[in-house]
Amino acid sequence: MTPYLAIIGARFRMLLQYRVAALAGVWTQVFFGLVLVMVYEAFYRSARASAQPIAFAQLASYVWLGQALFAMVPWNVDSELRAMVKTGAVAYELCRPVDLYGLWFARAVAQRTAPLVMRALPLAVFAAVILPALGLSGWRLTAPPSLAAGAAFAAALVCAVALACAMSTLINIVLLWTIAADGVVILWTTAVSLGSGLTIPLPLLPDGAQAVLRWLPFAGVFDLPFRLYTGALPAGALASVLARQLGWTVALVLLGRRLLARGLRRIVVQGG
Amino acid sequence: MIDALRLYAHYVRASVRGQLQYRASFVMSAIGTFVITMTESVAVWALFERFGQLRGWTLPEVALCYGMVSISWALCDALSRGFDHFAELVGSGDFDRLLLRPRPIAFQLLAQELTLRRIGRLVQGVLLLGYAAGAIDWTVPRALLLVAAIASSACAFLGILVLQATSAFWTINALEVWNAFTYGGVTMSQYPLAIYRSWFRALFTFAIPIGCTIYFPAVAILGRADPLGTPAITGWLAPLAGPAYLALCLQIWTLGVRRYRSTGS
């Protein structure tokens with residue numbers, strides 16, 4: 001376990017160096033959050049609010065959680081790994097005396113959590129404290145309705161990180177097939193953005209689409225923890241959420257390991 | 001001027017040839033951009049499916065705004081790679097080479113690449129306009145206004161990217177700040193400006209005129225009264241804002257170039 005923890009630690013510290021970039025990112029997320037909240041508010045004022053599956057205050061919290069935890073969504077590949085595959089430097093990765101899947105999973109853990117440390121807290125402060133101070137309390141990130149909802153969210157969030165890392169590692173492994181990777185990554189990004197609730201909060205999609213998306217792995221990263229937070233899903237649903245998250249995590253880890261083993265059997269390192 | 005155009009055409013030919021060397025990669029990323037942008041428009045459709053209308057605006061009317069902004073951003077994005085990646089030139093010191101060439105620097109940056117894969121978003125925008133077209137009572141002046149508004153918005157977007165490049169003379173760390181205005185401008189202009197709060201409308205009318213160059217012409221093309229109460233002539237004058245903004249941004253750019261000191265590496 002120690003080498004993997006060391007890798008997470010080293011990557012984590014490296015990613016924490018980009019503080020100004022993170023601050024710029026916070027500003028952009030604040031901006032997008034404001035646009036989305038204003039758009040949804042306008043939609044809610046255009047129809048009977050009581051007919052909606054989720055109250056506007058809950059939706060505003062959903063939007064801000066999404067902005068705060070944006071970096072956790074495994075929609076993109078690890079650009080350093082992509083460069084390694086392209087230049088042939090991936091050969092060094094193969095020489096390391098650790099399990100390659102474990103190594104890449106550890107990289108993914110750092111990639112998905114380091115930005116959270118720098119981005120999530122400032123965004124939460126903006127959405128929960130500064131917005132009400134500006135007289136926009138209707139748009140704010142509200143606290144979970146109960147202690148149970150907060151605890152359920154915390155538990156689901158931890159599993160969401162594990163699931164996101166399993167997804168991240170899987171898509172990074174696909175990069176080994178350099179030629180087909182571009183297309184797969186595009187489809188992946190689309191599926192993740194739509195299925196997680198990043199493009200549009202899942203409760204606002206047509207009911208038929210929701211019924212399907214709820215069972216796919218993508219919802220476990222974003223949508224399900226957010227619903228627990230806002231109380232749109234009762235805290236009692238936690239067991240079902242965790243079962244889905246952990247079930248998908250195990251399945252994706254096994255799939256990732258298989259793909260990696262196959263990829264390594266046929267890999268030809270580029271460059272000389 | 002003719003000479004500059006001929007040189008630009010030369011650069012574009014070289015850039016296009018270069019990109020077509022990796023044909024599979026080009027086709028894949030063009031299709032990818034199309035798929036991703038179409039998913040975003042499906043999300044807007046889903047919102048209308050649930051809520052019916054948006055403060056009195058129908059889906060075809062919103063599709064007009066959305067199509068206009070998609071096309072103008074795709075055009076700007078295809079032309080502006082030199083400005084978008086300018087920080088890398090400053091960081092590496094390669095900018096010095098541009099300073100030595102006997103052509104305006106803004107011209108050289110514009111001529112760096114014509115990014116073909118942006119065609120994915122262009123196609124999405126055209127499809128949206130096609131969907132919106134049924135709701136419009138077309139006249140020749142309105143069709144011309146549509147073209148002018150798209151060109152004008154592309155100029156306004158280019159202006160933002162010129163400012164982004166200018167800021168790289170001061171810092172190359174915080175460029176993501178500008179995404180709020182480019183990608184944020186695209187997102188917010190998908191919907192009519194009238195649905196936003198007044199401070200937000202003011203920001204996107206005067207400071208960053210993307211809202212101005214999309215929304216007011218769209219109101220005129222649709223032939224409806226502006227809920228914001230502006231006179232009918234506004235939409236016909238709004239396209240002037242884009243080129244004027246670009247000219248202003250290029251002035252600021254010149255100031256930035258003057259204070260440039262090479263990294264020396």
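Tutor: A residue is called buried if 20 or more other C-beta atoms lie within 10 Å of its own, exposed if 12 or fewer, and partly exposed in between. By that count, 40% of the 265 residues of chain B are buried. The structure is a predicted model.

Student: What share of the residues in chain A is buried?

Tutor: In chain A, buried residues account for 46% of the 272 residues.

Student: How is confidence in the prediction read for chain B, and what is the average pLDDT?

Tutor: Where pLDDT is low, predicted coordinates should not be read in detail. Chain B has an average pLDDT of 92, and 99% of the residues score at least 70. Among the elements of chain B, α3(B) has the highest mean pLDDT, at 97, and helix α5 (residues 86–92) has the lowest, at 86. For the model, ipTM is 0.92 and pTM is 0.92.

Student: How many helices and strands does chain A have, and how many does chain B have?

Tutor: Chain A has 12 helices and 0 strands. Read along the sequence, its pattern is α-α-α-α-α-α-α-α-α-α-α-α. Chain B has 14 helices and 0 strands.

Student: What does the radius of gyration say about chain A?

Tutor: The value is set beside the one expected for a compact globule with that number of residues. For the 272 residues of chain A the expected value is near 19 Å, and chain A has 20 Å, which agrees. The C-alpha trace of chain A spans about 65 × 40 × 35 Å along its principal axes.

Student: What does that comparison give for chain B?

Tutor: With 265 residues, a compact globule would come near 18 Å; chain B has 19 Å, which agrees. The C-alpha atoms of chain B fill a box of roughly 60 × 40 × 40 Å along the principal axes.

Student: How far apart in sequence are the residues that contacts join in chain A?

Tutor: The count takes contacts between residues at least 6 apart in sequence. In chain A, 82% of these join residues at least 24 apart. For chain B the figure is 82%.

Student: How is a helix checked for length and cover, taking α12 of chain B, and what span does it have?

Tutor: For length, the distance from the first C-alpha to the last is set beside the span expected at 1.5 Å a residue. Helix α12 (residues 210–222) of chain B has 13 residues and reaches 18 Å, close to the 18 Å expected. For cover, the buried residues are counted: in α12(B), 13 of 13 are buried, and the helix is mostly covered. Just after α12(B), B:Gly223 takes a positive phi of about 70 degrees.

Student: Is α1 of chain B mostly covered or hardly covered?

Tutor: α1(B) is hardly covered, with 0 buried residues among its 19. Helix α1 (residues 2–20) of chain B reaches 27 Å from its first C-alpha to its last, close to the 27 Å expected.

Student: Which residue other than glycine has a positive phi?

Tutor: Most residues other than glycine have a negative phi. B:Arg55 has a positive phi, near 45 degrees. B:Arg55 sits in the loop between α2 (23–51) and α3 (59–79) of chain B. B:Arg55 counts as partly exposed because it has 15 C-beta neighbours inside 10 Å.

Student: Which residues touch the most other members of the largest nonpolar core?

Tutor: That core has 156 residues, and A:Ala156, A:Leu228 and B:Cys65 touch the most other members. Helix α7 (residues 147–174) of chain A gives the most to this core, with 17 residues. Leaving aside neighbours within four places in sequence, A:Ala156 is in contact with residues including A:Leu224, A:Pro225, A:Leu228 and A:Leu238.

Student: How many residues does each chain bring to the contact between the chains?

Tutor: Chain A brings 28 residues and chain B brings 33. On the side of chain A that touches chain B, the elements that give two or more residues are α2 (19–44) and α8 (178–196). α2(A) gives the most to that side, with 13 residues. The residues of that side divide into 18 nonpolar, 8 polar and 2 charged.

Student: Which residues does A:Val39 touch?

Tutor: Not counting residues up to four places away in sequence, A:Val39 touches B:Tyr191 and B:Ile195. A:Val39 lies in helix α2 of chain A. A:Val39 counts as buried because 20 other C-beta atoms lie within 10 Å.

Note on methods: Residues numbered from 1 in each chain as written. Chains lettered and ligands numbered in written order. Predicted model: local features only at pLDDT ≥ 70, side-chain atom pairs only at ≥ 80, totals over all residues. Contact = placed C-beta atoms within 7 Å. Helix = DSSP H or I, 4+ residues; strand = E, 2+ residues; numbered from the N terminus. Nonpolar A, V, L, I, M, F, W, Y, C, P; charged D, E, K, R; others polar. Expected span 1.5 Å × (residues − 1). Rg over C-alpha atoms; globule rule 2.2 N^0.38 Å. Core = buried A, V, L, I, M, F, W, Y, C linked by C-beta atoms within 7 Å. pLDDT = per-residue confidence, 0-100.
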